[in-house]
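Colleague: Before we discuss this structure, could you put it on the screen and let me ask how each label was earned?

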Amino acid sequence: MFYHIITYGCQMNVHESEKLAGMLENLGYVSTPKKEDADVILFNTCCIRDTAERRAYGNIAALKKLKKNKPDLIIGVCGCMPQQDSSKTYLETKMPHVDIVFGTHNLHKFSEMLQNCLKDKKRIIETWGDSVLQPANTPMTRTSGVNAWVNITYGCNNYCTYCIVPYVRGREISRPMNEIIEEVKQLLKSEQYSEITLLGQNVNSYGNDLKDGTTFAKLLENIAILDGEFRLKFMTSHPKDIKDEVIDTIAKYKKISRLIHLPVQSGSNAILKAMNRRYTREYYLERVNYIRQQMPDAGLSSDIIVGFPGETEQDFLDTLSLVKEVGYSNLYMFMYSPRKNTPAASMPNQIDELVKKERVKKLIELQRGLMRENAKQSIGKKYRALFEEFKDGVLSAVTDCGKLVFINNASKELVGKFGEVLITSAKSGRLIGELV
Ligand code: SF4
C-alpha cells in the first residue's frame, strides 16, 4: 500500500505533512513519488494566496480520471483550505471524487478517519472550529534532512488585516514547556538531527496563554542548555513581541542561531497601521539596533509586502529606505494580493498591478545590490557553520548568522556536522568557501 502527499504553503504545513506521513506509515503505507501508484493521495493545502488555492483546486480536479480508473483510491484534502466554509462546501459539493476532507485542528484524527472511510465506504467531511493541542504522541516521519521541526504554538491572535491565518488556524495556544523539551531531548538522543527549529505563527508570544510565567525566552534557554552539539532556530517572530530578554537569551547561547527573521512588511507607519501590525518603523528600527548591539554578528531577514492598499509612492520610498538602513541578509518580497474574507481585501485604494510590479522590481534590485555588497565583505572571513546538504558534488553549509555557503571538493560525510568555513569568493551574492 502506497501514499503520496502534496504539500502547499509554509513550514507549518511541511511539518504537518510529516505527521500525516507518520500516521500513514503506522498503518503500513509506504511513500511513493508517483501519484499513479498511490492508494492514498493527500493534498495538504494553503489558502494564504488565491493563486495557491486555485492551483490546489486544479490539481485535485485533475485526479478525477485516476479515481475513475482506480475506484479504491482514497483522495484526501486537508490543511487551511477546508477550514474556510466556502472551500469545505465546494469540496463537498463540486468534488465528489474527494473521499476525506479535514482541517488543521483535527489533523491528528486522520488515521481514524481513513480507517472509517475504508471500512464504511463513505465520504468523511469534518473540520473542527478552534485550535486544539495536537497530542504529543502523534507519529511523524520527518523529511527535512538534518533539521527537525517542533511545534510550540498553534494558531495566531494577531489579525494582520491582509492575513487569513487567524481565521483558519484559530486562537493561539501554547504547548506545555515540558512536552516540548521532552520532544527535543528525544530528537537529540536519536543523533539524527543537528538542527531544531521551533515553529509557531508568532513564537515570541509563546506561553502568554499558559499564564504561569512561561515565556519564549525561558523556553529558548531551557533548550539551549541541553547537552549535545546542535543549532536551535525558531520561526516566525512578530516584531511587536520580541522582548529584550529574548534577544539577550539568543546572545547568551552559542547554540541559538544568530539569523533572526523579523518580518517588517513595510517601512511606512501609515501602512503598518493599516496592516494592524501594531508597531512603528521607529520601534522596529530600535529592536534592530538592540539586536545589533547585543550581537554585532547577527544576520537579519524579513518579509515585505509591496503595494498594500493605499500605499503611496512616499510609503514605498519609506520601505526602500528601511531596507537600506537595516541591511538584511535575506528578504522575501511579495506583491500584495487580496485574500477574500480579510479586511484589507475590501479596503479602498487598491494598487494597480503594474505599479505593484514596478515597485517590487525596484525593491528586488535594491536588495540584490545590498546582498552583493554584503557577500563581497564576507570574503576572507571565517565562520562556524552547519553542513546541511550534499548535492551534485557540492556541500552546502549555513553559518551561525545564516549565510549560505557552497563548498566544492568536500565529503558528504560532513552532512549534519559543524565546522569552520572560509569564504573564498562570491558570485552574484552566492558565497563560495572552503573547509578550514
Ligand atoms: S502574525 Fe499576522 S501575518 Fe503572521 S500569521 Fe498572525 S495574522 Fe498572519
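Colleague: In the hairpin of strand 16 and strand 17, which residue takes a positive phi, and how many residues are there between the strands?

Modeller: G402 takes a positive phi near 90 degrees, and the hairpin has four residues between its strands. This is a predicted model, in which local features need pLDDT of at least 70 and side-chain atom pairs count only at pLDDT 80 or more, while totals for chains, interfaces and linings use all residues. Residues are numbered from 1 along each chain as its sequence is written.

Colleague: How do you know that strand 16 and strand 17 pair?

Modeller: Strands are DSSP runs of E, at least two residues long, numbered from the N terminus, and two of them pair if DSSP finds at least two bridges between them. Five bridges join strand 16 (residues 394-399) to strand 17, running antiparallel, so the criterion is met; V405 is the bridge partner of A397.

Colleague: What makes the side chains of strand 17 an alternating set?

Modeller: V405 and I407 point to one face and are buried, whereas L404, F406 and N408 point to the other and are not; buried requires 20 or more other C-beta atoms within 10 Å of a residue's own, with C-beta atoms placed from the backbone.

Colleague: Why is the largest nonpolar core said to lie between domain 1 and domain 2?

Modeller: A nonpolar core joins buried Ala, Val, Leu, Ile, Met, Phe, Trp, Tyr and Cys residues through C-beta atoms within 7 Å. Of the 91 residues in this one, V150 and I196 touch the most other members. Domain 1 (2-126) and domain 2 (147-376) both contribute residues, so the core lies between them, with bounds taken from an automatic or database domain assignment.

Technical notes. A residue is buried if 20 or more other C-beta atoms lie within 10 Å of its own, exposed if 12 or fewer, and partly exposed in between; C-beta atoms are placed from the backbone.
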